[in-house]
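Good morning, colleagues. Please bring up the sequence and the coordinates, and I shall take you through two regions in turn.

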Amino acid sequence: MIPPMSPSPEPIVIVGGGLVGASLAIALDAAGLPAVLIEAAAPTVGQQPSYDERNLALARATVNGLRAIGVWDFAEDRATPITHIHTSRAGDFGSVRMNASEEGVDVLGWTLPARELGAALLRRLDRCQHLTRLAPARVEGIHADDRGWTVDVVTDAGMRSLHASLLVGADGTHSGVRRQLGIGTREHDYAQALFVTTMTPERDPRGRAFERFTNEGPVAVLPLTDRRVGVVLTVAADRVDEVAAMDDQAFAALAQERFGWRLGRLTRPGKRSPYPIRRVAAEALTSNRAVLVGNAAQTVHPIGAQGFNLGLRDALTLAELAMGATDPGAPSLLAEYAARRAPDREGTMAMSHGLVRLACLDQPFLGPLRSLAMLALDRVPPLRHALSRRGMGFRANAPFAVREKTP
């Protein structure tokens with residue numbers, strides 16, 4: 001048995017070293033706060049499940065945050081700027097177009113493969129000075145006391161007991177920390193799955209990203225390097241096996257049918273795997289000296305690419321509050337965290353859920369209403385500006401690290 005770590009100063013213990021958990025660990029380190037990061041997977045890109053083939057649409061505010069904690073320097077050369085976003089609905093007229101120059105900025109956001117962001121996080125983690133990393137490691141149990149939590153961790157070297165002033169669950173949709181805290185969830189099965197891949201379009205996207213709503217679900221096309229695009233294709237759950245068995249030609253034909261011809265012919269689909277889609281929302285964000293962040297707190301429908309963007313704002317808000325606190329696990333601090341995150345969290349979940357239900361619902365009488373809404377958003381500058389700012393990730397009470405002066 002390895003002796004327990006010294007409890008003074010007591011660290012913040014983060015369970016889960018995925019994209020959000022690693023970002024939180026880095027933000028705490030940048031603030032000079034001691035933390036322990038516990039991750040089940042070995043600390044390599046190939047072993048971490050969340051550092052996968054997905055192509056992430058990073059909002060402008062998100063990149064501000066990644067830059068503030070020193071991660072973006074390691075990722076920028078693999079990222080592709082998004083200068084235009086085009087949103088439309090199959091069968092309806094009208095579209096919504098966002099343009100960086102009209103918003104007074106150079107870029108609305110960036111596309112970055114999750115594995116590249118993971119690699120950048122690992123490089124930044126290597127430079128942390130106040131962080132202890134345990135990976136691969138497994139949480140065997142957590143036990144509450146008056147001062148916080150004792151966390152029993154199994155590593156290759158044996159059992160280790162840590163005492164935490166604050167316990168953070170960043171361990172994903174199926175969070176073990178959330179379960180052990182006794183926090184329930186509200187869940188919705190969309191009966192859909194995503195196929196994520198890359199393709200080569202006939203025409204260069206030139207910084208344009210597209211979201212296309214259809215009766216079968218949304219399709220997203222994101223610009224990548226080397227004139228490739230990232231394609232996110234939603235299919236009904238009962239078609240997953242059929243689509244997974246398609247050869248490249250059949251899959252390309254399906255993607256073409258669903259997306260259309262705005263970039264010409266789509267060819268050469270890459271490796272693809274299905275991801276089931278469920279909405280999972282924790283019934284509380286905090287417990288006694290414990291807090292949930294990222295997918296452990298809320299897993300949203302990927303429409304609008306809000307998942308990591310929302311989770312990073314969780315992490316940076318928590319780090320900001322902890323930085324100025326004598327006790328990061330104090331009830332008053334956790335209450336403030338929950339209050340600050342509530343509008344962003346609830347608004348984002350409501351938006352993603354509402355878009356799926358309204359924009360993809362096969363109800364002919366909704367068509368004219370959707371079309372009029374798109375025309376209004378596209379043609380009325382204040383509405384378009386508000387939508388663009390939201391798309392860029394700017395929110396009220398956002399953590400300081402993601403903010404900037406914009407029109």
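Strand E13 contributes 3 residues to the lining of the second largest pocket, the most of any element. I should say at once that we are looking at a predicted model. E13 spans residues 185–201, and together with helix H3, residues 114–125, it belongs to the elements that each supply at least two lining residues.

How much space lies in this second largest pocket? The computed value is about 270 Å³. Its lining comprises 15 residues, and those closest to the centre are Asn55, Pro113, Arg115, Thr198 and Leu224. Sorted by class, the lining holds 7 charged, 5 polar and 3 nonpolar residues.

Let me turn now to the sheet. Here 6 strands form an open sheet with mixed pairing, and their order is E8-E2-E1-E12-E20-E19. Which strands lie at the edges? They are E8, residues 131–134, and E19, residues 286–287, each of which pairs on one side only. As a general reminder, the strands of a sheet pair through backbone hydrogen bonds, in either a parallel or an antiparallel manner.

At the E8 end, strand E2, residues 35–38, runs parallel to E8, and 4 bridges join the two. One particular pairing is that of alanine 35, whose bridge partner in E8 is leucine 131. Against this sheet packs helix H1, residues 19–30, which touches E1 (12–15), E2, E8 and E12 (166–169). The direction of H1 makes about 160 degrees with that of E1.

Thank you for your attention.

Key:
Residues are numbered from 1 along each chain as its sequence is written. This is a predicted model: local features need pLDDT of at least 70, side-chain atom pairs count only at pLDDT 80 or more; totals for chains, interfaces and linings use all residues. Side-chain values use heavy atoms; hydrogens and water are left out. Two strands pair if DSSP finds at least two bridges between them. Contact means heavy atoms within 4.5 Å. Axes are lines fitted to C-alpha atoms, for helices over the stretch in contact, and angles run from 0 to 180 degrees between N-to-C directions. On a 1 Å grid over the protein atoms alone, a cavity is a set of points where a 1.4 Å probe fits but cannot get out, and a pocket is an open set with protein on both sides within 12 Å along at least five of seven lines; lining residues have an atom within 4 Å of a point. Grid points are joined across faces, edges and corners, and a volume is the space filled by probe spheres set on the points. Ala, Val, Leu, Ile, Met, Phe, Trp, Tyr, Cys and Pro count as nonpolar, Asp, Glu, Lys and Arg as charged, and the others, Gly among them, as polar.
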